[in-house]
Amino acid sequence: MTNRGSGHLTEYGYRWEIESGYKSIKRFMAATTSKNFGLRFFYFAFACLLYSIWRSVDLLVQVALTGKYEHSPMVTADHTLTLLKKETGIG
């Protein structure tokens, strides 16, 4: 893939954004050993929702403070998870 030119290399680079996204979503997932597919799917869907909320809050905070959006977050996932646990007991 890397020997075919820069166009393919750019396309392949997008894969890392997807992989990083999944890695970030895993931080929001509840730990379980259940083999129940429905429960595991719910945990994944809920983690995706929490991840989306985190990224939305980060976008709004960045735009409010700096007027632009950068890829590196100002509001970290750890801060979000700590606040979520403090306010709701979830986590």
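**Contacts, core and surface of a three-helix model**

Me: Leaving aside neighbours within four places in sequence, Leu50 is in contact with Phe28 and Leu84. What makes these pairs contacts?

Reply: Contact means that heavy atoms lie within 4.5 Å. Leu50 meets this condition with Phe28 and Leu84, and the pairs are therefore called contacts. The model is predicted, so local features need pLDDT of at least 70 and side-chain atom pairs count only at pLDDT 80 or more, while totals for chains, interfaces and linings use all residues. Residues are numbered from 1 along each chain as its sequence is written, and side-chain values use heavy atoms, with hydrogens and water left out.

Me: What elements does the protein have, and in what order do they run?

Reply: The protein has three helices and zero strands, in the order α-α-α from the N terminus on. Helices (H or I, at least four residues) and strands (E, at least two) are DSSP runs, numbered from the N terminus.

Me: Which residues make up the largest nonpolar core, and why is such a set called a core?

Reply: The eight residues are Ile25, Phe28, Ala47, Leu50, Tyr51, Trp54, Val75 and Ala77. Helix α2 (residues 37-66) supplies the largest share of this core, four residues. A nonpolar core is a set of buried Ala, Val, Leu, Ile, Met, Phe, Trp, Tyr and Cys residues joined through side-chain atoms within 4.5 Å. Buried means under 20% relative accessible area, exposed over 50%, and partly exposed in between (1.4 Å probe, protein chains only). Of the 91 residues of the protein, 14% count as buried.

Me: What does the UniProt annotation "transmembrane region" cover, and what is the chain like over residues 37-54?

Reply: The unreviewed UniProt entry assigns "transmembrane region" to residues 37-54. In the model, residues 37-54 are 100% helix and 0% strand, with the end C-alpha atoms 25 Å apart. UniProt positions are given in the numbering used here, feature names are shortened, and annotations may be inferred rather than shown by experiment.

Me: Why is the pair Arg27 and Asp78 called a salt bridge?

Reply: A salt bridge is a side-chain nitrogen of Lys or Arg within 4 Å of a carboxyl oxygen of Asp or Glu. The closest N and O atoms of Arg27 and Asp78 are 2.4 Å apart, so the pair satisfies the rule. This salt bridge links distant parts of the chain, from Arg27 in helix α1 to Asp78 in helix α3 (residues 77-88), 51 residues apart. By this rule the count comes to two salt bridges. Lys68 and Glu70 also form one, with closest N and O atoms 3.7 Å apart.

Me: Are Arg27, Asp78 and Glu70 buried or exposed?

Reply: Each falls in the intermediate class. Arg27 is partly exposed because its relative accessibility is 43%. Asp78 is partly exposed at 46%, and Glu70 is partly exposed at 40%.

Me: What makes Leu59, Leu60, Val63 and Tyr69 a patch?

Reply: Patches are made of residues with over 30% relative accessible area and no salt bridge; like charges are joined within 9 Å, nonpolar side chains (Val, Leu, Ile, Met, Phe, Trp, Tyr) within 5 Å. Leu59, in helix α2, has a relative accessible area of 35% and is therefore partly exposed. Together, Leu59, Leu60, Val63 and Tyr69 have about 340 Å² of accessible area. Accessible areas come from the Shrake-Rupley method with a 1.4 Å probe; for residues, only the protein chains shown count as cover.

Me: Which residues does Thr32 touch, and why is Thr32 called partly exposed?

Reply: Thr32 is in the loop between α1 (6-27) and α2. Not counting residues up to four places away in sequence, Thr32 touches Leu39, Arg40 and Tyr43. The C-alpha atoms of Thr32 and Tyr43 are separated by 8.8 Å, although the residues are eleven apart along the chain. Thr32 is called partly exposed because its relative accessible area is 27%.

Me: How do you know the exposure classes of Met74 and Ser72?

Reply: Met74 and Ser72 lie in the loop between α2 and α3. Met74 has 41% relative accessibility and so counts as partly exposed, whereas Ser72, at 52%, counts as exposed. Leaving aside neighbours within four places in sequence, Met74 is in contact with Asp58, Gln62, Leu65 and Thr66.
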